[in-house]
Amino acid sequence: MSVLPLVFTSGWASGINAYAVVLLLGLFGATGLSDDVPETLQRPEVLIVAGVLFLCEAVADKIPYVDSVWDSAHTVIRPVAGAWVGALLAGHSGSLSDVAAGLVGGSTALASHTVKAGTRMAINTSPEPFSNIAVSLAEDLGVAGIVTFAMFHPLPAAIIAGVLLATGLIVLVFLISRIRRFWRRRAQRREERRLAAQVGPPPG
């Protein structure tokens, strides 16, 4: 069970930015700063792909509405990444079943992804882009800080991740009305595009 706090924390972080988690863990292992990272995550091709995708997410995550599209596309990817990383960490340590670790990592990633995606929908009801940029930077720094902390102090980091997850779920409940507003606006824009397509271009 000694690896469970790290699995939980990496799952929480994967739900926010899975590519950053894979990149950070891989770098910690490849540079010799930690012996708790499986060799799979340290492979050069894994680090390169994770780095490129992290840069893509860093850009997409800061653009209003594009961030929500990106989140939708990652509804499956982030939980799967959390489960994959959790299973690798468990298999590397031999202290927790791969299946159990995968379930913990995947379910935690799904929960934190839900918080992130819902929060972004609420933020996108505001027309200005600054809140998206601020929240995205806070998420990136939070993931980097807590994953780094977890490598050396896994249990306190897991407690922090748990508090953040619980707080995020509570906040999400209070944002329900704004999330509904986001979906209404999205449906309205689709209807406007459909009507415009039916009318067609003006005669030349």
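A pocket, on a 1 Å grid over the protein atoms alone, is an open set of points where a 1.4 Å probe fits, with protein on both sides within 12 Å along at least five of seven lines; lining residues have an atom within 4 Å of a point. The model used in these exercises is predicted, so local features need pLDDT of at least 70 and side-chain atom pairs count only at pLDDT 80 or more, while totals for chains, interfaces and linings use all residues. Residues are numbered from 1 along each chain as its sequence is written, and side-chain values use heavy atoms, with hydrogens and water left out.

**Exercise 1. The second largest pocket**

Find which residues line the second largest pocket, and sort them by class.

Solution.
- Step 1: Start with the volume, defined as the space filled by probe spheres set on the points, with grid points joined across faces, edges and corners. For the second largest pocket this comes to about 160 Å³.
- Step 2: List the lining, which consists of Ala 18, Tyr 19, Val 22, Val 46, Val 49, Ala 50, Leu 53, Ile 77, Val 80, Ala 81 and Trp 84.
- Step 3: Assign classes, where Ala, Val, Leu, Ile, Met, Phe, Trp, Tyr, Cys and Pro are nonpolar, Asp, Glu, Lys and Arg are charged, and the others, Gly among them, are polar. The lining has 11 nonpolar residues, with no polar and no charged ones.
- Step 4: Map the lining onto helices, which are DSSP runs (H or I, at least four residues) numbered from the N terminus; strands are E runs of at least two. H1, H3 (44-60) and H5 (77-93) each supply at least two lining residues.
- Step 5: Look at one lining residue, Ile 77, which is found in helix H5. Ile 77 has a relative accessible area of 37%, so it is partly exposed (buried is under 20%, exposed over 50%, partly exposed in between, with a 1.4 Å probe and protein chains only).

**Exercise 2. The largest pocket**

Describe the largest pocket by volume, lining and class.

Solution.
- Step 1: The space in the largest pocket is about 370 Å³.
- Step 2: There are 16 lining residues, and the closest to the centre are Ile 16, Val 115, Glu 139, Leu 164 and Gly 168.
- Step 3: Helices H1 (4-30), H6 (98-123), H7 (130-152) and H8 (154-174) each provide at least two residues of the lining.
- Step 4: By class, this lining holds nine nonpolar, five polar and two charged residues.

**Exercise 3. The aromatic pair**

Classify the one aromatic pair in the structure.

Solution.
- Step 1: Recall the criterion: rings of Phe, Tyr and Trp (its six-membered ring) pair if their centres lie within 6.5 Å; planes under 30 degrees apart are stacked, over 60 edge-to-face, and the rest tilted.
- Step 2: The ring centres of Phe 28 and Phe 152 are 6.1 Å apart and the planes lie at 85°, so this pair is edge-to-face.
- Step 3: Place the partners: Phe 28 sits in helix H1 and Phe 152 in helix H7, 124 residues apart, and the pair links distant parts of the chain.
- Step 4: Compare their surroundings: Phe 28 counts as buried at 9% relative accessibility, whereas Phe 152 is partly exposed at 46%.

**Exercise 4. The nonpolar cores**

Which residues touch the most other members of the largest nonpolar core, and which helix gives the most to this core?

Solution.
- Step 1: A nonpolar core is a set of buried Ala, Val, Leu, Ile, Met, Phe, Trp, Tyr and Cys residues joined through side-chain atoms within 4.5 Å.
- Step 2: The largest core has 31 residues, and Trp 12, Leu 25 and Val 143 touch the most other members.
- Step 3: H1, H3, H5, H6, H7 and H8 each supply at least two residues of this core, with H1 giving the most, 11 residues.
- Step 4: A second, separate core has six residues, including Met 121, Ala 122, Leu 172 and Phe 182.
- Step 5: Follow the contacts (heavy atoms within 4.5 Å). Leaving out residues up to four places away in sequence, Trp 12 touches Thr 108, Ala 109, Ser 112, Ile 146, Ala 161, Leu 164 and Leu 165.

**Exercise 5. Two buried residues**

Locate Ser 136 and Thr 125, and list what they touch.

Solution.
- Step 1: Ser 136 is in helix H7 and counts as buried at 0% relative accessibility.
- Step 2: Beyond four places in sequence, Ser 136 touches Asp 61, Lys 62 and Arg 120.
- Step 3: Thr 125 lies in the loop between H6 and H7, and is buried with a relative accessible area of 5%.
- Step 4: With the same sequence cut-off of four places, Thr 125 touches Arg 178, Arg 181, Phe 182 and Arg 185.
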